[in-house]
Amino acid sequence: MEKYLPRIQNGEAWLRLLRLPNLLTVPGDVLAGFLLASATAAAGWTRLLLALPAGLFLYAAGLLFNDLFDYAEDLRDRPERPLPSGDVSREAAAATALVFLWVATFLAAFCDALPVAIPLILCILAYDIGGKRQRILGPLLMGACRAGNLLLGAAAASADSRLAPAPIAAALLLGLYIAAVTRLARHEAQPGAKFTPRLIGKLLGLLIPLQALLCAAAVHRFPANLLGLGLLPLLRLHRSLATRFPPS
């Protein structure tokens, strides 16, 4: 039994590195954007099945790059995290992040969402490389990443490169919310912080009901817009997982 323990622990380290609870908040972005876009042919639903994992892979790659670029700081201030603790090697994290980016780009190309995916990737890299340390630019870049994820779904809804006003407005709303949460989370790890990682995790969890509401707002897609209700059970799962895998 003991020989399997390191393998299990390593798997848990990867789940902590990828912030497992946060991954649950990603599909709702893409689904909301897809439903809010103009009505599309049946083939568009196939593109949704490509856009959903594309969004997940982009988000996961961003998380990996975030910790890779923060390695020196985490080694000093947060040595218990997966990379500085050695539970996950930097080489493995970097290789995985690059594979995730490649797969996401490949999927985005096949669902006609590459014009959104490329700027989204640039925003992710700009945030991770150093933008996150900027007081104003950091939260705005993070908000842009989340807004881009929603627009990824909207772009997949139709081969038409023009985006409808509804998904653009929803993307702005979502982006501003995430920018505000990111701003509040800047000092979450400091002793006596008003907005603790636990509280930030709850604020991130509220993304799920917000996404469900945005899906329901796509009344022109009735009854497909009711698919957003299927996101709500993820909220309970998010809260449960957040106790074991810190979401921030």
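## Aromatic pairs

Five aromatic pairs turn up here when ring centres have to lie within 6.5 Å of each other. One of them joins Trp 102 and Phe 106, and this pair is stacked, with 5.5 Å from centre to centre and 15° between the planes. Keep in mind that you're looking at a predicted model.

Both partners belong to helix H7, which runs over residues 90-110. Trp 102 and Phe 106 sit four residues apart, or about one turn of the helix. Ring pairs also bring in Phe 110, so to speak a third member, giving a cluster of Trp 102, Phe 106 and Phe 110.

How exposed are the two stacked rings' residues? Trp 102 has a relative accessible area of 59%, so it counts as exposed, the cut-off being over 50%. Phe 106 comes in at 41% and is therefore partly exposed.

## Charges over rings

Two arginines have their charged ends placed over aromatic rings. For Arg 90, the ring belongs to Tyr 71, and the charged end is 3.9 Å from the ring centre. For Arg 221, the ring is that of Phe 34, with 5.2 Å to the centre.

## The start of H7

Glu 91 is another residue of helix H7. Buried or exposed? With 61% relative accessibility, Glu 91 is exposed, because the cut-off is over 50%. Its C-alpha lies 9.4 Å from that of Leu 68, and the two residues are 23 apart in sequence.

## Helix H3 and the loop before it

Helix H3 covers residues 27-36. Nine of its ten residues are buried, so the rest of the structure largely encloses this helix. The buried set is made up of Gly 28, Asp 29, Val 30, Leu 31, Ala 32, Gly 33, Phe 34, Leu 35 and Leu 36. Phe 34 is a familiar name by now: its ring is the one under the charged end of Arg 221.

Thr 25 is in the loop that runs between helix H2 (20-23) and H3. Its relative accessibility is just 1%, so Thr 25 is buried, the limit being under 20%. What does Thr 25 contact, if you leave aside neighbours within four places in sequence? The list is Arg 146, Leu 204, Leu 207, Ile 208, Gln 211 and His 238.

## Leu 20 in H2

Leu 20 is part of helix H2. At 22% relative accessibility, Leu 20 falls between the buried and exposed limits of 20% and 50%, so it counts as partly exposed. Leaving out residues up to four places away in sequence, Leu 20 touches Leu 15, Leu 241 and Phe 245.

There's a link across the sequence here too: Leu 20 and Pro 247 are 227 residues apart along the chain, yet 7.1 Å separates their C-alpha atoms.

## The second largest pocket

The second largest pocket holds about 270 Å³ of space. Its lining has 13 residues, and those nearest the centre are Arg 198, Gly 201, Lys 202, Arg 239 and Ala 242. Sorted by class, the lining is six nonpolar, four polar and three charged residues.

Which helices each supply at least two of the lining residues? They are H11 (197-205) and H13 (233-242). H11 gives the most, with five residues.

Methods. Residues are numbered from 1 along each chain as its sequence is written. This is a predicted model: local features need pLDDT of at least 70, side-chain atom pairs count only at pLDDT 80 or more; totals for chains, interfaces and linings use all residues. Side-chain values use heavy atoms; hydrogens and water are left out. On a 1 Å grid over the protein atoms alone, a cavity is a set of points where a 1.4 Å probe fits but cannot get out, and a pocket is an open set with protein on both sides within 12 Å along at least five of seven lines; lining residues have an atom within 4 Å of a point. Grid points are joined across faces, edges and corners, and a volume is the space filled by probe spheres set on the points. Ala, Val, Leu, Ile, Met, Phe, Trp, Tyr, Cys and Pro count as nonpolar, Asp, Glu, Lys and Arg as charged, and the others, Gly among them, as polar. Rings of Phe, Tyr and Trp (its six-membered ring) pair if their centres lie within 6.5 Å; planes under 30 degrees apart count as stacked, over 60 as edge-to-face and the rest as tilted. Buried means under 20% relative accessible area, exposed over 50%, partly exposed in between (1.4 Å probe, protein chains only). A charge sits over a ring if NZ of Lys or CZ of Arg is within 6 Å of the ring centre and within 35 degrees of the ring normal. Contact means heavy atoms within 4.5 Å.
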